[in-house]
Every structure is written in structure tokens, then in C-alpha cells.
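Colleague: I am new to this structure and would like to learn how to read it. Could we go through it feature by feature?

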Amino acid sequence: MKVKDAMHKGVDWVNPDTPVTELAKLMCEHDIGAIPIGENDRLVGMVTDRDIVCKGLAQAGFDAARTTARDVMSPGIHCCRDDDDLAKAMRHMEAMKVRRLPVINKGRRMVGILTLGDAGHFASADLVSECVRSVSAHHL
């Protein structure tokens with residue numbers, strides 16, 4: 001099975017200067033836990049709900065009115081291609097210890113996002129179990 005058969009389609013990104021309060025509202029409205037960050041027509045990072053808490057709310061001097069996506073995002077992007085084999089993408093998620101991967105096409109345009117939940121509906125139980133165990137392992 002290919003990634004394009006399992007991914008969420010039609011995912012958008014936001015600008016790095018988007019206020020963190022707006023990110024939180026978007027996450028709530030769309031019932032999602034991560035938002036890709038794009039600038040100059042390319043992906044530059046990802047903000048997760050955990051990033052907002054750990055790199056924002058939990059920090060001394062946090063000011064929600066002035067904090068942007070750039071301030072809390074995880075820079076650099078790990079992604080997969082829409083024509084990648086689903087098992088290959090899951091092994092990449094496992095190696096990178098990420099729960100979500102933006103999906104790009106041959107033109108390097110983001111066309112969706114693959115989550116562990118998406119993969120769980122289509123991959124073998126053994127592969128899903130192994131991937132979840134690794135990604136969910138305690139970070140030291």
C-alpha cells in the first residue's frame with residue numbers, strides 16, 4: 001500500500017509568524033495535534049500541541065500575546081512521499097520517533113499528512129505495534 005492511500009489529504013500549513021493562540025484555536029477547531037509551518041512556499045517546521053506546552057506555556061516569561069509559531073516550532077521537517085510504501089514511511093516515523101509525517105509529491109508540494117492513526121488502519125498489526133511502541137517510548 002502507498003502512503004497516498006492512507007494519508008489525510010488537503011492539509012494546509014500556516015506562516016511562522018502565526019500567533020500561538022491562533023495555532024491552538026486551529027488545533028481545537030480541526031481536532032488535530034500538529035500544524036505544519038511553511039514559509040516561501042516550503043515546509044520549515046511543525047508545531048505540535050506538546051510544543052505549545054513545553055516550549056511555550058511551561059517556560060518562564062511566556063507571553064501568549066507575543067509568541068508565534070516560529071518560537072515554539074520544531075525546525076526541520078521529516079516527511080515522506082505520497083508514492084512511498086506505507087511500511088517504509090512507518091519505519092521512518094519509528095526511526096524519527098514522530099507521530100505525524102507531512103506528505104509531499106514529486107513536485108515537493110505538501111499534499112497531505114500521515115499519522116500513526118492513519119497507518120494503523122492499513123498496515124499490519126505487527127508493524128503498527130512496533131512503530132507505536134518505539135514512537136511512544138519515554139524520551140530521556
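Modeller: We can start with a strand, keeping in mind that this is a predicted model. Strand β2 is mostly covered, with five of its six residues buried.

Colleague: How does β2 run relative to β3, and how many bridges join them?

Modeller: The general idea comes before the case. Strands of a sheet pair through backbone hydrogen bonds, either parallel or antiparallel. Here β2 and β3 run antiparallel, and six bridges join them. To place one of the pairs, look at A34, whose bridge partner in β3 is T48. The two strands form a hairpin, with two residues between them.

Colleague: What should I look for in the turn?

Modeller: Look at the backbone angle phi. Most residues other than glycine have a negative phi, and most peptide bonds are trans. N40 is not a glycine, yet it has a positive phi of about 55°. D41, also a residue other than glycine, has a positive phi near 65°. N40 is found in the loop between β2 and β3, and D41 lies in that loop as well.

Colleague: Is N40 buried or exposed?

Modeller: N40 counts as exposed because its relative accessibility is 71%, and the cut-off for exposed is over 50%. D41 has a relative accessible area of 47%, so it is partly exposed.

Colleague: Now a helix. Which residues of α1 are buried?

Modeller: An α-helix has 3.6 residues a turn, so residues three or four places apart point the same way. In α1, which spans residues 20-30, the buried residues are V20, L23, L26 and M27. They are on the same side of α1 because they cover an arc of only 115° around the axis. On the other side of α1, K25, C28 and E29 are exposed.

Colleague: What do the buried residues of α1 pack against?

Modeller: They pack against the two hairpin strands, β2 (34-39) and β3 (42-48), and also against helices α2 (49-57) and α3 (69-72). Just after α1 there is another positive phi, of about 55°, at D31.

Colleague: How do I read the order of strands in a sheet?

Modeller: Follow the pairing from one edge to the other. The open sheet of four strands has the order β1-β7-β6-β5, and its pairing is mixed. Its edge strands, β1 (8-9) and β5 (80-81), each pair on one side only. At one of these edges, β5 pairs with β6 (residues 100-104) in the parallel sense, over two bridges. R81 has I104 in β6 as its bridge partner.

Colleague: How would I study a single buried residue?

Modeller: Take M93, which has its place in helix α4 (residues 86-96). M93 counts as buried because its relative accessibility is 0%. Next, list its contacts, not counting residues up to four places away in sequence: M93 touches V98, R99, R100, L101, L114, T115, L116, C131 and V135. Sequence separation can also be set beside distance in space: M93 and S134 are 41 residues apart in sequence, while their C-alpha atoms are 9.1 Å apart.

Colleague: Could you repeat that with G56?

Modeller: G56 lies in helix α2. With a relative accessible area of 0%, G56 is buried. Leaving aside neighbours within four places in sequence, G56 is in contact with D51, F62 and V72.

Colleague: That leaves the pockets. How much space lies in the largest pocket, and which residues are closest to its centre?

Modeller: Rolling a probe the size of a water molecule over the atoms shows where empty space is left. The largest pocket holds about 550 Å³ of space. It is lined by 20 residues, and T48, D51, S74, K97 and V98 are the closest to its centre. Helix α2 gives the most to this lining, with four residues. By class, the lining has nine nonpolar, five polar and six charged residues.

Colleague: And the second largest pocket?

Modeller: About 390 Å³ of space lies there. Of the 18 residues that line the second largest pocket, V11, D12, H30, I32 and A34 lie nearest its centre. Strand β2, where we began, gives the most to this lining, with three residues.

Definitions and conventions. Residues are numbered from 1 along each chain as its sequence is written. This is a predicted model: local features need pLDDT of at least 70, side-chain atom pairs count only at pLDDT 80 or more; totals for chains, interfaces and linings use all residues. Side-chain values use heavy atoms; hydrogens and water are left out. Buried means under 20% relative accessible area, exposed over 50%, partly exposed in between (1.4 Å probe, protein chains only). The arc is that of the directions from the helix axis to the C-beta atoms. Contact means heavy atoms within 4.5 Å. Two strands pair if DSSP finds at least two bridges between them. On a 1 Å grid over the protein atoms alone, a cavity is a set of points where a 1.4 Å probe fits but cannot get out, and a pocket is an open set with protein on both sides within 12 Å along at least five of seven lines; lining residues have an atom within 4 Å of a point. Grid points are joined across faces, edges and corners, and a volume is the space filled by probe spheres set on the points. Ala, Val, Leu, Ile, Met, Phe, Trp, Tyr, Cys and Pro count as nonpolar, Asp, Glu, Lys and Arg as charged, and the others, Gly among them, as polar.
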